Amino acid sequence: MSDPTTPLIWFDGSLRAPDDPLVTAVDHGLTVGDGVFETCSVVRGEAFALTRHLRRLTRSARGLGLEDPDEAAIRAGVAAVLAASGPDVGRLRITLTAGPGPLGSHRFTAGLVPQTVVVLAGPATRSDVARAVRVPWVRNERSAVAGLKTTSYAENVVALAEAARHGADEALLANTVGELCEGTGSNVFVERDGELVTPALSGGCLAGITRELLLEWGAETGLPVREARPGELPLSVLDDVLAGGAHLLLSGSVRNVVPVVQLDGHDVAVGPLCAAARDLFESRMVEHLDP
Ligand SMILES: Cc1ncc(COP(=O)(O)O)c(C=O)c1O
């Protein structure tokens, strides 16, 4: 059985001890954040939606100009950490970097250095609800890495620390044109006028797997959930939430689908569609572990 406080680690074909040295000091993921990653929930000992996560990992790697990940090797790593994990394990992390690199931002010639691949499994902390705050920083929907799940997450670290300082567990960001975009590790849905509406991917948010499944499962079951039209969700929609005219829902792996009960330090009510979306996701996810 695993020790719940330390992650299980798979690297280069085998399980490793927590204090094993694995990655070189010149790994380009370490020096400049030149890498991509995925986080999946672990449900009943299986990685939830692994196929979709691996697809997105490949998309992100291609977006950075990295070679396609070796999916068979990663699946073997996932199987190895899950086989060794106990009941406390609730999340899985797959990290892929460009491998050893120069000290600057340029890379060694593709294919000449091995990529670094690490698979980790560890405990998950879950809550049925979320507390969110607006932060002043923006997502750049025109960034070279918009929509890619890169390991360059320092902006999210700073924003989440700001949320924590305000007693919240998620920070909400606008994009450069003032539209509601996403959280540091979640997509956002607004319940208004009998519908759940989520920012479109063109606004710079990550194509969340949880978001995508909620859109698909909603369409299948008649839950009114859709992507926003251009200009439909300015950040100021959060003022409507504070005034009680709209409600918020967050989606993300590990977090799953959770209603927001506090915004900018004020209690806000859970919308009926937000609650229905949470219930739909919870019931579907245990029926389909790799949807
Ligand atoms: C920036 C960002 N947006 C959205 C999400 C939600 O994506 P998913 O549902 O695939 O976990 C994440 C996940 O960590 C994220 O990092």
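Two strands are taken to pair if DSSP finds at least two bridges between them; helices (H or I, at least four residues) and strands (E, at least two) are DSSP runs, numbered from the N terminus. The model is predicted, so local features need pLDDT of at least 70 and side-chain atom pairs count only at pLDDT 80 or more, while totals for chains, interfaces and linings use all residues. Residues are numbered from 1 along each chain as its sequence is written, and side-chain values use heavy atoms, with hydrogens and water left out.

Strand β3 and strand β5 (residues 89-97) run antiparallel and are joined by seven bridges, with C40 standing opposite L92 in β5. Both strands belong to an open sheet of six strands with antiparallel pairing, in the order β2-β1-β6-β5-β3-β4. The edges are occupied by β2 (14-16) and β4 (46-47), each of which has a single partner strand, so one side of each is left without a neighbour in the sheet. Strand β3 also contains S41, which is buried at 1% relative accessibility (buried means under 20% relative accessible area, exposed over 50%, and partly exposed in between, with a 1.4 Å probe and protein chains only). The side chain of S41 makes a polar contact of 2.5 Å with the side chain of R126. A polar contact is a pair of N or O atoms within 3.5 Å; within protein, one must be able to donate a hydrogen and the other to accept it, and residues adjacent in sequence count only if both atoms are side-chain atoms.

Three aromatic pairs are present in the structure. In the pair of F37 and Y153, the arrangement is edge-to-face, at 5.0 Å centre to centre and 85° between the planes. Rings of Phe, Tyr and Trp (its six-membered ring) pair if their centres lie within 6.5 Å; planes under 30 degrees apart count as stacked, over 60 as edge-to-face and the rest as tilted. Because F37 lies in strand β3 (residues 35-43) and Y153 in the loop between β7 (130-139) and α4 (154-165), the pair ties together parts that are 116 residues apart in sequence. F37 is buried, with a relative accessible area of 5%, whereas Y153 is partly exposed at 26%. The rings of W217 and F281 form a tilted pair, with centres 5.3 Å apart and planes at 45°. W217 is located in helix α5 (residues 209-221) and F281 in helix α7 (residues 272-287), so this pair connects parts 64 residues apart in sequence. Both W217 and F281 are buried, and ring pairs link them with F48 into a cluster.

Further along the chain, strand β10 (residues 187-192) and strand β11 (residues 195-198) pair in the antiparallel sense over three bridges, and E191 stands opposite L196 in β11. These two strands form a hairpin with two residues between them, and D193 in the turn has a positive phi of about 50°. Strand β11 runs parallel to strand β12 (residues 225-227), to which three bridges join it.

The ligand is surrounded by 17 residues, the closest being Y153, E182, I209, T210 and S253 (a residue is near a molecule or strand if one of its heavy atoms lies within 4 Å of it). A polar side-chain atom of T210 lies 2.6 Å from an oxygen atom of the ligand. For polar backbone atoms, the distance to a ligand oxygen atom is 2.7 Å at I209 and 3.5 Å at T184.
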